[in-house]
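Work through the exercises below with the sequence and the model open side by side. Each task is followed by a stepwise solution.

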Amino acid sequence: MTRRLLLLLFCMWVRMEVMEGAGKDENSSSILRSVNIGALFTVDSVIGRAAGPAIAAAVDDVNSDPTILPGTKLNSVIHDTNCSGFLGTVEALQLMENEVVAAIGPQSSGIAHVISHVVNELNVPLLSFAATDPTLSSMQYPYFLRTTQSDLYQMYAVADLIDYYGWRDVIAVYVDDDYGRSGISVLGDALAKRRAKISYKAAFTPRASISTINDLLARGYVWITTDWLPSLLDSTEPVDLDKMNLLQGVVALRHHTPDTDLKKKFMSRWNNLKYKESGPAGFNSYALYAYDSVWLAARALDTYLNEGGNISFSDDPRLNDTSGSRLNLSSLRIFDGGQRYLQTLMRTNFTGLSGEVRFGPDKNLVHPAYDVLNVGGTGMRRIGYWSNYSGLSVVAPEILYTKPPNTSTSNQHLYSVIWPGEVATTPQGWVFPNNGRPLRIAVPYRVSYTEFLAKDSHSPGVKGYCIDVFEAAVNLLPYPVPHTYILYGDGKRNPDYNDLVQQVALNNYDAAVGDITIITNRTKIVDFTQPYMESGLVVVAPVQKAKLSPWAFLKPFTIKMWCVTGGFFLFVGAVVWILEHRFNQEFRGPPSHQLITIFWLAF
């Protein structure tokens, strides 16, 4: 009996030791003690000062929620990319040594391009809350997942603004890097669909000096900026009045996030967050996206573990042989469940601080939307919204989602804008230079049909029907068009119109005005306006005043025709007399009576 009891106790002790040993193995999904997620961003930056406290607050909130990852502590490992592609890559490699299951960031699209190759190799999803380059959504970067809005939609919003105000030519000012070039490329495509274009691309280097930027910029234009300006102004405390004076009238876009109770509650906590180390951190929309990125990683990880997923890492055989290099690449390990975890991330759906967090087939967040802002005074005024659902509107996008989509031109609306110079009238979109050269307009010096074109001793030096039509068309334009007329020809004979058209094609004249016939050969070298007078096959005859006459009824026939007609009448009367006078008493009598009868029948 004693031996059996000891044997039973020994068996129980062994089984408990086995269970305790299993509890120490972090590869077991059911009793995982902790899990690491990484964060990559430039700490000392407008976005970084907002994202850092938000990420830390999100990690604490996840660990305080008993329904998410129960019994498992979520740890965040933060590395500073220092706004450098090279240092960002080094920091990313060091971050991966911590066996993170996901990386939050980076904020730079350029760094994201490089780091995406690292996470592709190690099967670690990269959740970026600020890298907005549209090309990052390509199949080349399968582990990149954008948790903010793509600049694809922001460029289309800019294009819709340009089209809404009737502008056709724009100048694009951008940073000449991967991020800037990709955005401008998308903007060009979006404008082309609206019959507009980028007339000039003003690019500057990422670290350009103030003097270099000033050489590219000139006032007197309408300025439309992307979300970087509102993010900077939202983060600036207190407001710099000198800078605000320079920004009066600017129209800007900012990420639209619904004003939910969840968002208001977080913003009320913002100034009291204990994670802000260097004074008050400026709040902007990227703080919301960074916060939601952590919750996305946590919710997807909770689902992944509940579905039997396992947190395990294995060596990469291609990194073991470093050929004598001192780089410790063998410490980088592959996340075995990375592909499955990525799929879980993409189908995760919840409502966060930034609104609905759900991904479409293109790996972008659904329902992209922006606030349209107008800088004025010491702040910004919202004049409407843009969404890919209904375009420009003064109604919040979340309200429009409950109605059928409508992007028709008549449905596009914004509140009034106070433009630069404190004017409410919509600018024409461009200005004619005051010191510019007037257009040189060639006019044929005709000697015949001077009603169309002729030399005039008075200003502007020419006259005629063609000149009147041209001047009327120019006066209808909403901007001045300085021009001067130049007679073409010697005035002794009509000039050769083919030579005149050739001179315009050679840029010796800017245009020509006159009775110039549109023919095939000429249309190959110059452009013609729509014809304002069309002839076709016509007969030109002088107009005579009609005279009334009582004998006008005789004009349809000639004299011979009238004589022939009268002869036929007499012939018919004679035939009737021949046939009737033998039987009819009325056709008999004296010859004069019979002749009268014949004329009577003819009449």
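Contact means heavy atoms within 4.5 Å. The model is predicted: local features need pLDDT of at least 70, side-chain atom pairs count only at pLDDT 80 or more, and totals for chains, interfaces and linings use all residues. Residues are numbered from 1 along each chain as its sequence is written, and side-chain values use heavy atoms, with hydrogens and water left out.

**Exercise 1. Place N284 and list what surrounds N284.**

Step 1. Find the segment. N284 sits in the loop between α10 (261-270) and α11 (285-306). Helices (H or I, at least four residues) and strands (E, at least two) are DSSP runs, numbered from the N terminus.

Step 2. Collect the contacts. Neighbours within four places in sequence are left aside; N284 then touches V46, A50, S231, D234 and S235.

Step 3. Classify the exposure. N284 counts as buried because its relative accessibility is 1%. The classes are buried under 20% relative accessible area, exposed over 50%, and partly exposed in between (1.4 Å probe, protein chains only).

Step 4. Look for polar contacts. Such a contact is a pair of N or O atoms within 3.5 Å; within protein, one must be able to donate a hydrogen and the other to accept it, and residues adjacent in sequence count only if both atoms are side-chain atoms. A polar atom of the N284 side chain lies 3.4 Å from the backbone oxygen of V46. The N284 side chain also reaches the backbone nitrogen of Y286, at 3.0 Å.

**Exercise 2. Describe how α10 packs on α11.**

Step 1. Choose the descriptors. Two packed helices are described by the angle between their axes and the distance between the axes. Axes are lines fitted to C-alpha atoms, for helices over the stretch in contact, and angles run from 0 to 180 degrees between N-to-C directions.

Step 2. Read the values. The angle between α10 and α11 is about 110 degrees, and their axes are 12 Å apart. α10 is therefore roughly perpendicular to α11. Angles under 35 degrees count as roughly parallel, over 145 as roughly antiparallel, 65 to 115 as roughly perpendicular and the rest as oblique.

Step 3. Name the residues. α10 brings K263, F266, R269 and W270 against A287, L288 and Y291 of α11. By class, the contact of α10 with α11 has 5 nonpolar, no polar and 2 charged residues. Ala, Val, Leu, Ile, Met, Phe, Trp, Tyr, Cys and Pro count as nonpolar, Asp, Glu, Lys and Arg as charged, and the others, Gly among them, as polar.

**Exercise 3. Do the analysis for α5 and α6.**

Step 1. Helix α5 (residues 151-164) and helix α6 (residues 178-192) have axes that come within 9 Å and cross at roughly 45 degrees. This makes α5 oblique to α6.

Step 2. The residues in contact include L152, M155 and I162 of α5, and V186, L187 and L191 of α6. The contact of α5 with α6 divides into 11 nonpolar, 1 polar and 1 charged.

**Exercise 4. Which peptide bond before P106 is cis, and what is its omega?**

Step 1. The bond from G105 to P106 is cis, with omega near -5 degrees. P106 is in the loop between β3 (103-104) and α4 (109-122).

Step 2. Another cis bond joins S459 and P460, with omega about 10 degrees. P460 falls in the loop between β18 (454-455) and β19 (462-463).

**Exercise 5. Is N82 buried or partly exposed?**

Step 1. N82 lies in the loop between β2 (73-80) and α3 (85-96). Its phi is near 55 degrees, a positive value in a residue other than glycine.

Step 2. N82 counts as partly exposed, because its relative accessibility is 41%.
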